[in-house]
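Trainee: I have a two-chain model open and want to learn to read the contact between the chains. Where should I start?

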Amino acid sequence: MSLAVPEELFERHHGVIYRFLLRMTERIEVAEDLTQEVFLRVIQHMDTYQAQGRERAWLFKIARNLLLDHRRQSVRRPEQADEAPAASEPPTQFLSACLEESLRSLPESDREVFLLREVAGLSYDEIASVCSVTIDAVRSRIYRVRSELRAQLAPELNRARKIGKRKVNP
Amino acid sequence: MTYDRQSTFEPISAFIDGESVDPHDLAKVLSVPGAREALVDFILLREELKKDDRMPNPDFYEGIRKVIPASLPGRLWSRTIRIPLVAAALLVALVTGLVGGLTLFRRPAEDVPPPYTERVMTFEPGVDWHTSDEENGQ
(Lines give C-alpha, C1' and ligand atoms only; values in the text may rest on other atoms or scores of the structure.)
Protein backbone atom coordinates (compact mmCIF):
# COMPACT_ATOMS: atom_id res chain seq x y z
CA MET A 1 0.00 0.00 0.00
CA SER A 2 1.48 3.32 -1.02
CA LEU A 3 1.37 6.05 1.56
CA ALA A 4 -0.40 9.30 0.86
CA VAL A 5 1.91 12.30 0.70
CA PRO A 6 1.19 15.40 2.82
CA GLU A 7 -0.22 17.40 -0.08
CA GLU A 8 -2.70 14.65 -0.87
CA LEU A 9 -3.75 14.40 2.76
CA PHE A 10 -4.14 18.17 2.77
CA GLU A 11 -6.29 18.18 -0.36
CA ARG A 12 -8.52 15.43 0.97
CA HIS A 13 -8.98 16.45 4.59
CA HIS A 14 -8.13 20.10 5.30
CA GLY A 15 -11.71 21.30 4.82
CA VAL A 16 -13.28 18.86 7.23
CA ILE A 17 -10.50 19.31 9.80
CA TYR A 18 -10.98 23.07 9.58
CA ARG A 19 -14.76 22.79 10.06
CA PHE A 20 -14.32 20.46 13.03
CA LEU A 21 -11.81 22.82 14.65
CA LEU A 22 -13.97 25.85 13.83
CA ARG A 23 -16.96 24.29 15.57
CA MET A 24 -14.84 23.31 18.55
CA THR A 25 -13.05 26.65 18.93
CA GLU A 26 -15.63 28.99 17.33
CA ARG A 27 -12.76 31.18 16.16
CA ILE A 28 -11.68 31.37 12.54
CA GLU A 29 -8.07 32.36 13.19
CA VAL A 30 -7.60 29.66 15.80
CA ALA A 31 -9.19 27.05 13.55
CA GLU A 32 -6.96 28.10 10.64
CA ASP A 33 -3.81 28.11 12.78
CA LEU A 34 -4.59 24.69 14.22
CA THR A 35 -5.42 23.29 10.77
CA GLN A 36 -2.08 24.52 9.49
CA GLU A 37 -0.35 23.05 12.53
CA VAL A 38 -2.00 19.68 11.84
CA PHE A 39 -0.27 19.51 8.47
CA LEU A 40 3.03 20.71 9.87
CA ARG A 41 2.85 17.77 12.27
CA VAL A 42 1.93 15.50 9.36
CA ILE A 43 5.10 16.53 7.50
CA GLN A 44 7.20 16.07 10.64
CA HIS A 45 5.84 12.60 11.37
CA MET A 46 5.23 11.30 7.88
CA ASP A 47 8.09 8.80 8.21
CA THR A 48 6.37 7.11 11.14
CA TYR A 49 2.95 7.18 9.52
CA GLN A 50 1.60 3.67 9.02
CA ALA A 51 -2.10 4.34 9.27
CA GLN A 52 -3.07 1.61 6.76
CA GLY A 53 -6.37 3.15 5.72
CA ARG A 54 -6.93 4.98 8.99
CA GLU A 55 -5.50 8.29 7.83
CA ARG A 56 -8.58 10.24 8.96
CA ALA A 57 -8.30 8.86 12.47
CA TRP A 58 -4.60 9.71 12.49
CA LEU A 59 -5.22 13.28 11.29
CA PHE A 60 -8.04 13.88 13.76
CA LYS A 61 -5.96 12.49 16.59
CA ILE A 62 -3.33 15.13 15.74
CA ALA A 63 -6.05 17.79 15.48
CA ARG A 64 -7.53 16.79 18.83
CA ASN A 65 -4.14 16.83 20.56
CA LEU A 66 -3.49 20.30 19.17
CA LEU A 67 -6.92 21.37 20.33
CA LEU A 68 -6.21 20.12 23.85
CA ASP A 69 -2.86 21.99 23.84
CA HIS A 70 -4.67 25.11 22.70
CA ARG A 71 -7.23 24.73 25.49
CA ARG A 72 -4.48 24.38 28.09
CA GLN A 73 -2.74 27.49 26.75
CA SER A 74 -6.03 29.41 26.74
CA VAL A 75 -6.54 28.56 30.40
CA ARG A 76 -3.08 29.93 31.17
CA ARG A 77 -3.70 33.02 29.01
CA PRO A 78 -7.40 33.75 29.51
CA GLU A 79 -7.30 37.06 27.60
CA GLN A 80 -7.24 35.03 24.36
CA ALA A 81 -10.50 33.37 25.29
CA ASP A 82 -12.12 36.78 25.58
CA GLU A 83 -11.84 37.40 21.85
CA ALA A 84 -15.21 37.67 20.20
CA PRO A 85 -16.23 34.47 18.48
CA ALA A 86 -16.42 34.77 14.74
CA ALA A 87 -18.07 32.86 11.98
CA SER A 88 -16.94 33.35 8.40
CA GLU A 89 -20.35 32.43 6.97
CA PRO A 90 -22.90 32.37 9.75
CA PRO A 91 -25.70 29.92 9.17
CA THR A 92 -28.75 31.65 7.77
CA GLN A 93 -31.33 28.90 8.27
CA PHE A 94 -33.27 29.06 11.50
CA LEU A 95 -32.68 25.42 12.43
CA SER A 96 -28.97 25.78 11.69
CA ALA A 97 -28.73 28.84 13.93
CA CYS A 98 -30.53 27.06 16.77
CA LEU A 99 -28.36 24.00 16.26
CA GLU A 100 -25.24 26.14 16.63
CA GLU A 101 -26.54 27.45 19.93
CA SER A 102 -27.50 24.02 21.19
CA LEU A 103 -24.14 22.54 20.28
CA ARG A 104 -22.41 25.28 22.27
CA SER A 105 -24.42 24.32 25.34
CA LEU A 106 -23.20 20.70 25.28
CA PRO A 107 -20.32 19.37 27.38
CA GLU A 108 -17.15 19.58 25.31
CA SER A 109 -16.41 15.85 25.48
CA ASP A 110 -19.89 15.03 24.14
CA ARG A 111 -19.75 17.73 21.46
CA GLU A 112 -16.34 16.52 20.33
CA VAL A 113 -17.49 12.92 19.88
CA PHE A 114 -20.66 14.01 18.09
CA LEU A 115 -18.77 16.30 15.70
CA LEU A 116 -16.17 13.63 14.97
CA ARG A 117 -19.07 11.48 13.83
CA GLU A 118 -21.24 14.02 12.01
CA VAL A 119 -18.68 16.49 10.67
CA ALA A 120 -15.58 14.31 10.29
CA GLY A 121 -17.49 11.14 9.37
CA LEU A 122 -15.41 8.89 11.61
CA SER A 123 -16.68 5.46 12.64
CA TYR A 124 -17.25 4.66 16.32
CA ASP A 125 -14.06 2.61 16.30
CA GLU A 126 -12.07 5.55 14.89
CA ILE A 127 -13.62 8.00 17.35
CA ALA A 128 -12.80 5.64 20.22
CA SER A 129 -9.19 5.58 19.01
CA VAL A 130 -8.99 9.36 18.58
CA CYS A 131 -10.54 10.16 21.97
CA SER A 132 -9.06 7.18 23.86
CA VAL A 133 -12.45 5.95 25.05
CA THR A 134 -14.40 2.72 24.50
CA ILE A 135 -16.71 2.16 21.56
CA ASP A 136 -19.62 1.80 23.99
CA ALA A 137 -18.81 5.20 25.42
CA VAL A 138 -18.79 6.68 21.91
CA ARG A 139 -22.12 5.04 21.12
CA SER A 140 -23.81 6.31 24.26
CA ARG A 141 -22.32 9.81 24.03
CA ILE A 142 -23.48 10.24 20.45
CA TYR A 143 -26.96 9.09 21.40
CA ARG A 144 -26.98 11.38 24.43
CA VAL A 145 -26.09 14.37 22.22
CA ARG A 146 -28.77 13.51 19.70
CA SER A 147 -31.36 13.15 22.45
CA GLU A 148 -30.30 16.45 23.98
CA LEU A 149 -30.42 18.24 20.65
CA ARG A 150 -33.85 16.76 19.96
CA ALA A 151 -35.09 18.02 23.30
CA GLN A 152 -33.63 21.50 22.82
CA LEU A 153 -34.71 21.83 19.18
CA ALA A 154 -38.09 20.11 19.40
CA PRO A 155 -40.13 23.00 17.92
CA GLU A 156 -37.66 23.58 15.08
CA LEU A 157 -37.39 19.87 14.26
CA ASN A 158 -41.17 19.52 14.37
CA ARG A 159 -41.47 22.38 11.91
CA ALA A 160 -38.79 20.86 9.67
CA ARG A 161 -40.60 17.50 9.65
CA LYS A 162 -43.85 19.18 8.62
CA ILE A 163 -42.10 21.05 5.82
CA GLY A 164 -40.72 17.72 4.63
CA LYS A 165 -44.21 16.17 4.66
CA ARG A 166 -45.61 19.05 2.60
CA LYS A 167 -42.84 18.55 0.05
CA VAL A 168 -43.68 14.86 -0.28
CA ASN A 169 -47.48 15.35 -0.29
CA PRO A 170 -48.25 18.85 -1.58
CA MET B 1 -35.57 -4.99 26.98
CA THR B 2 -36.95 -1.92 28.69
CA TYR B 3 -37.17 1.44 27.02
CA ASP B 4 -36.26 4.15 29.43
CA ARG B 5 -35.88 7.70 28.18
CA GLN B 6 -32.09 7.49 28.20
CA SER B 7 -31.53 4.57 25.85
CA THR B 8 -34.78 3.97 23.97
CA PHE B 9 -33.62 5.02 20.55
CA GLU B 10 -29.93 4.23 20.89
CA PRO B 11 -30.07 1.33 18.34
CA ILE B 12 -31.57 3.75 15.81
CA SER B 13 -28.77 6.20 16.50
CA ALA B 14 -26.13 3.50 16.00
CA PHE B 15 -27.94 2.13 12.95
CA ILE B 16 -27.91 5.43 11.07
CA ASP B 17 -24.18 5.67 11.81
CA GLY B 18 -23.60 2.39 10.00
CA GLU B 19 -22.64 0.56 13.18
CA SER B 20 -23.68 -3.01 13.88
CA VAL B 21 -26.92 -3.34 15.82
CA ASP B 22 -28.92 -6.33 16.95
CA PRO B 23 -31.75 -6.64 14.39
CA HIS B 24 -34.18 -7.82 17.08
CA ASP B 25 -33.38 -4.80 19.24
CA LEU B 26 -33.80 -2.54 16.24
CA ALA B 27 -37.14 -4.12 15.36
CA LYS B 28 -38.38 -3.63 18.93
CA VAL B 29 -37.21 -0.03 19.04
CA LEU B 30 -38.81 0.80 15.71
CA SER B 31 -42.17 -0.38 17.06
CA VAL B 32 -41.99 2.05 19.99
CA PRO B 33 -44.18 5.16 19.56
CA GLY B 34 -42.07 8.11 18.48
CA ALA B 35 -39.37 5.97 16.86
CA ARG B 36 -40.16 7.25 13.40
CA GLU B 37 -39.93 10.87 14.56
CA ALA B 38 -36.64 10.14 16.33
CA LEU B 39 -35.20 8.58 13.18
CA VAL B 40 -36.27 11.57 11.08
CA ASP B 41 -34.92 14.02 13.66
CA PHE B 42 -31.53 12.32 13.73
CA ILE B 43 -31.36 12.58 9.96
CA LEU B 44 -32.52 16.22 10.03
CA LEU B 45 -29.73 17.07 12.47
CA ARG B 46 -27.22 15.36 10.23
CA GLU B 47 -28.46 17.16 7.15
CA GLU B 48 -28.23 20.52 8.93
CA LEU B 49 -24.61 19.85 9.85
CA LYS B 50 -23.84 18.73 6.29
CA LYS B 51 -24.88 22.15 5.00
CA ASP B 52 -21.79 23.61 6.64
CA ASP B 53 -19.29 24.04 3.84
CA ARG B 54 -17.14 26.74 5.39
CA MET B 55 -13.54 26.76 4.24
CA PRO B 56 -10.49 28.72 5.42
CA ASN B 57 -9.90 32.24 4.11
CA PRO B 58 -7.66 32.77 1.03
CA ASP B 59 -4.87 34.01 3.34
CA PHE B 60 -4.75 30.58 4.91
CA TYR B 61 -3.87 29.01 1.56
CA GLU B 62 -1.09 31.54 1.02
CA GLY B 63 0.36 30.51 4.36
CA ILE B 64 -0.02 26.79 3.79
CA ARG B 65 1.84 27.04 0.44
CA LYS B 66 4.93 27.97 2.42
CA VAL B 67 4.42 24.93 4.63
CA ILE B 68 3.44 22.46 1.93
CA PRO B 69 4.70 23.93 -1.38
CA ALA B 70 3.58 20.80 -3.14
CA SER B 71 -0.02 21.52 -2.22
CA LEU B 72 -0.19 23.83 -5.23
CA PRO B 73 -2.74 22.29 -7.56
CA GLY B 74 -0.32 22.12 -10.51
CA ARG B 75 2.24 20.23 -8.50
CA LEU B 76 -0.33 17.81 -7.18
CA TRP B 77 -1.71 17.28 -10.67
CA SER B 78 1.71 16.69 -12.15
CA ARG B 79 2.54 14.14 -9.44
CA THR B 80 -0.76 12.39 -9.98
CA ILE B 81 -0.16 12.21 -13.70
CA ARG B 82 3.58 11.58 -13.60
CA ILE B 83 3.39 8.09 -12.13
CA PRO B 84 0.91 6.66 -14.67
CA LEU B 85 2.88 8.31 -17.51
CA VAL B 86 6.16 6.75 -16.42
CA ALA B 87 4.42 3.39 -16.01
CA ALA B 88 2.91 3.68 -19.51
CA ALA B 89 6.29 4.63 -21.03
CA LEU B 90 7.96 1.64 -19.38
CA LEU B 91 5.23 -0.66 -20.64
CA VAL B 92 5.55 0.66 -24.22
CA ALA B 93 9.36 0.25 -24.07
CA LEU B 94 8.99 -3.30 -22.76
CA VAL B 95 6.46 -4.32 -25.41
CA THR B 96 8.51 -2.69 -28.20
CA GLY B 97 11.65 -4.46 -27.05
CA LEU B 98 9.88 -7.79 -26.82
CA VAL B 99 8.26 -7.54 -30.25
CA GLY B 100 11.48 -6.22 -31.82
CA GLY B 101 13.52 -9.00 -30.28
CA LEU B 102 11.16 -11.65 -31.50
CA THR B 103 11.19 -10.19 -35.01
CA LEU B 104 14.98 -10.01 -35.21
CA PHE B 105 16.01 -13.27 -33.61
CA ARG B 106 13.16 -15.65 -34.31
CA ARG B 107 12.62 -15.00 -38.03
CA PRO B 108 12.15 -18.35 -39.86
CA ALA B 109 15.13 -19.43 -42.08
CA GLU B 110 13.05 -19.83 -45.28
CA ASP B 111 12.11 -16.18 -45.18
CA VAL B 112 15.76 -15.09 -45.42
CA PRO B 113 17.00 -14.79 -49.04
CA PRO B 114 20.50 -16.13 -49.84
CA PRO B 115 23.21 -13.51 -50.25
CA TYR B 116 24.08 -12.31 -53.73
CA THR B 117 27.47 -13.40 -55.26
CA GLU B 118 29.87 -10.50 -55.12
CA ARG B 119 33.22 -12.19 -55.93
CA VAL B 120 34.08 -15.51 -57.58
CA MET B 121 37.33 -17.25 -56.71
CA THR B 122 38.66 -20.01 -59.01
CA PHE B 123 41.48 -22.39 -58.20
CA GLU B 124 43.38 -24.23 -60.92
CA PRO B 125 45.01 -27.62 -60.19
CA GLY B 126 48.77 -27.49 -60.65
CA VAL B 127 48.72 -23.71 -60.39
CA ASP B 128 46.92 -22.92 -57.20
CA TRP B 129 47.53 -26.24 -55.57
CA HIS B 130 49.56 -29.45 -56.12
CA THR B 131 48.90 -33.04 -55.28
CA SER B 132 51.36 -35.03 -53.15
CA ASP B 133 52.17 -37.33 -56.12
CA GLU B 134 53.29 -34.36 -58.19
CA GLU B 135 55.33 -33.13 -55.27
CA ASN B 136 57.03 -36.59 -54.88
CA GLY B 137 57.76 -36.78 -58.64
CA GLN B 138 59.48 -33.42 -58.64
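Trainee: How many salt bridges does the rule find across the interface of chain A and chain B?

Mentor: Seven, in this predicted model. One of them joins Asp17(B) to Arg117(A), with the closest N and O atoms 3.1 Å apart. Polar contacts can be counted too: 16 residue pairs across the interface, both partners at pLDDT 80 or more.

Trainee: Which helices of chain A supply at least two residues each to the side that touches chain B?

Mentor: H1 (6-25), H2 (28-44), H4 (94-104), H5 (108-118), H7 (135-152) and H8 (154-168). H1(A) gives the most, with 10 residues. By type, that side of chain A divides into 21 nonpolar, nine polar and 15 charged residues.

Trainee: How do I put a size on the interface?

Mentor: Interface size is often quoted as the accessible area lost when the parts come together. Here about 4,100 Å² is buried between chain A and chain B. Carbon and sulfur atoms give 61% of that area. The contact takes 45 residues from chain A and 43 from chain B.

Trainee: Back to the helix with Arg117(A). Why is H5(A) described as largely enclosed?

Mentor: Count its buried residues; the cut-off is under 20% relative accessible area. Nine of the 11 residues of H5(A) pass, so the rest of the structure largely encloses this helix. Among them are Phe114(A), Leu115(A) and Leu116(A), but also the charged Asp110(A), Arg111(A) and Arg117(A).

Trainee: What covers the buried residues of H5(A)?

Mentor: Both chains take part. The cover includes H1, H3 (55-76), H4, H6 (124-131) and H7 of chain A, together with H3 (35-50) of chain B.

Technical notes
Residues numbered from 1 in each chain as written. Chains lettered and ligands numbered in written order. Predicted model: local features only at pLDDT ≥ 70, side-chain atom pairs only at ≥ 80, totals over all residues. Heavy atoms only, no water. Contact = heavy atoms within 4.5 Å. Buried area = accessible area lost by both parts, 1.4 Å probe. Salt bridge = Lys/Arg side-chain N within 4 Å of Asp/Glu carboxyl O. Polar contact = N/O pair within 3.5 Å; in protein donor to acceptor, adjacent residues only side chain to side chain. Helix = DSSP H or I, 4+ residues; strand = E, 2+ residues; numbered from the N terminus. Buried < 20%, exposed > 50% of the residue type's maximum accessible area, 1.4 Å probe, protein only.
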